[in-house]
Amino acid sequence: MKWSEEAWRRIEGIYTQILEHPFIIELMSGELDREKFNFYLTQDSLYLAEFGKVLAGIAVKLEDSEQRKEFLNFASDTVAVEQALHQFYLKDQKQNSSVSPSCLLYTSFIHKQLATASVEEAAAAVLPCFWIYKKVGDYILANQEEQENQYQNWIDTYGGEEFALAVEKAIEICDHLAVNTSIEKRKQMWNAFVKASKMEWMFWDSAYKKETWPV
Ligand SMILES: Cc1ncc(CN)c(N)n1
């Protein structure tokens with residue numbers, strides 16, 4: 001069994017909870033409160049800035065030049081597409097740029113993986129950012145009602161072909177890294193993948209609740 005097959009098996013429950021989350025259900029129907037969506041986008045802009053840095057940092061650590069090139073592409077092209085999506089929705093709206101606890105947790109976690117863990121674990125930690133979004137995009141595309149949806153552009157970005165190609169490459173690289181490492185490291189890769197997947201759920205949940213700092 002490939003590393004990625006077991007990785008997905010380990011997060012099936014989390015993925016189901018993501019699909020059942022009101023943020024995703026209402027995004028799919030188009031009924032999601034625009035303020036919650038804007039909260040999500042504003043936090044996601046902060047997230048993507050850090051995500052891009054981590055992707056570039058992983059690229060630097062990869063020995064294989066093809067894999068390095070792919071991660072550099074992810075850091076530039078893939079993130080640029082997502083940032084353009086934010087512009088589409090937020091336009092000139094003034095953004096409250098104070099980072100939420102969940103966003104800070106998630107970005108700190110991926111930075112920590114890059115700074116202190118192996119490159120294999122760091123790659124596994126960023127994989128849910130690709131894979132879960134693709135699965136959610138595909139799921140919504142396959143299940144949404146035939147009607148106008150104000151969030152269609154978001155749905156089409158993550159359910160689209162271009163994103164699917166990036167996701168396939170990211171999974172392939174993780175599988176490749178896993179094959180060439182120790183059993184212990186493979187386990188650590190799964191742990192990082194599961195933790196980041198939990199933070200994906202938390203990220204949507206925090207937007208739905210428009211999370212604030214408790215003190
Ligand atoms: C929090 C989060 N995770 C993943 C993605 C998709 N790259 C995103 N835009 N934001």
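In this predicted model, helix H3 gives the shell around the ligand its largest share, three residues. H3 covers residues 34–61, and two other helices, H6 (119–143) and H9 (183–208), likewise put at least two residues each into that shell. The full set of residues around the ligand reads Asp-44, Tyr-47, Leu-48, Glu-82, Cys-129, Tyr-133, Glu-200 and Phe-203. Sorted by class, that makes five nonpolar residues and three charged ones, with no polar residue in the shell.

Stepping back to the fold, the protein chain has nine helices and zero strands. Its pattern along the sequence is simply α-α-α-α-α-α-α-α-α. The radius of gyration comes out at 17 Å, close to the 17 Å that the globule rule gives for 215 residues, so the chain is as compact as a globular protein of that length. Along the principal axes, a box of roughly 45 × 40 × 30 Å holds the C-alpha atoms. Buried residues account for 36% of the 215 residues. As for the contacts between residues at least 6 apart in sequence, 82% of them link residues at least 24 apart.

Two helices are worth walking through one by one, starting with H5. Its 16 residues (101–116) should span 22 Å at 1.5 Å a residue, and the end C-alpha atoms do sit 22 Å apart, which agrees. Buried in H5 are Ser-102, Cys-103, Tyr-106, Thr-107, Ile-110, Gln-113 and Leu-114. These residues cover an arc of only 130° around the axis, so they end up on the same side of H5. The spacing fits a general rule: an α-helix has 3.6 residues a turn, so residues three or four places apart point the same way. On the face of H5 turned away from the buried side, the exposed residues are Ala-115 and Thr-116. What do the buried residues of H5 pack against? They pack against H3, H6 and H9, and those three helices each supply at least two residues of the shell around the ligand.

H8 can be read in a similar way. It runs over residues 161–179, 19 residues in total, for which 1.5 Å a residue predicts a span of 27 Å; the end C-alpha atoms are 27 Å apart, in agreement. The buried residues here are Phe-163, Val-167, Ala-170, Ile-171, Ile-173, Cys-174, Leu-177 and Ala-178. They take up an arc of only 160° around the axis, which again means one side of the helix, the same side of H8 for the whole set. The face turned away from that buried side carries the exposed residues Glu-161, Glu-162, Leu-165 and Val-179. The cover over the buried residues of H8 includes H1 (3–19), H4 (65–90), H6, H7 (152–159) and H9. Also in H8 is Glu-168, which is partly exposed with 13 other C-beta atoms within 10 Å. Its C-alpha atom lies 25 Å from that of Tyr-40, with their positions 128 residues apart along the chain.

H1 shows up in that cover over H8, and two of its residues give a feel for how the chain comes back on itself. Glu-5, in H1, counts as exposed because it has just 11 C-beta neighbours inside 10 Å, where the cut-off for exposed is 12 or fewer. Even so, the C-alpha atoms of Glu-5 and Ile-171 are separated by 9.7 Å although the two are 166 residues apart along the chain. Ile-171 is one of the buried residues of H8.

Tyr-15 is also in H1. Is Tyr-15 buried or partly exposed? With 19 C-beta neighbours inside 10 Å, Tyr-15 counts as partly exposed, since being buried takes 20 or more. Leaving out residues up to four places away in sequence, Tyr-15 touches Ile-132 and Lys-135. There is a long-range pairing as well: Tyr-15 and Trp-201 are 186 residues apart along the chain, yet their C-alpha atoms are separated by 8.1 Å.

One backbone oddity remains, in the segment after H9, where Lys-210 is placed. Lys-210 is not a glycine, but its phi is positive, at about 45°. With 14 C-beta neighbours inside 10 Å, Lys-210 counts as partly exposed.

Note on methods:
Residues are numbered from 1 along each chain as its sequence is written. This is a predicted model: local features need pLDDT of at least 70, side-chain atom pairs count only at pLDDT 80 or more; totals for chains, interfaces and linings use all residues. Helices (H or I, at least four residues) and strands (E, at least two) are DSSP runs, numbered from the N terminus. The radius of gyration is taken over C-alpha atoms; the globule rule is 2.2 Å times the number of residues to the power 0.38. Two residues are in contact if their C-beta atoms, placed from the backbone, lie within 7 Å. A residue is near a molecule or strand if its C-beta atom, placed from the backbone, lies within 6 Å of it. Ala, Val, Leu, Ile, Met, Phe, Trp, Tyr, Cys and Pro count as nonpolar, Asp, Glu, Lys and Arg as charged, and the others, Gly among them, as polar. The expected span of a helix is 1.5 Å times one less than its number of residues. The arc is that of the directions from the helix axis to the C-beta atoms.
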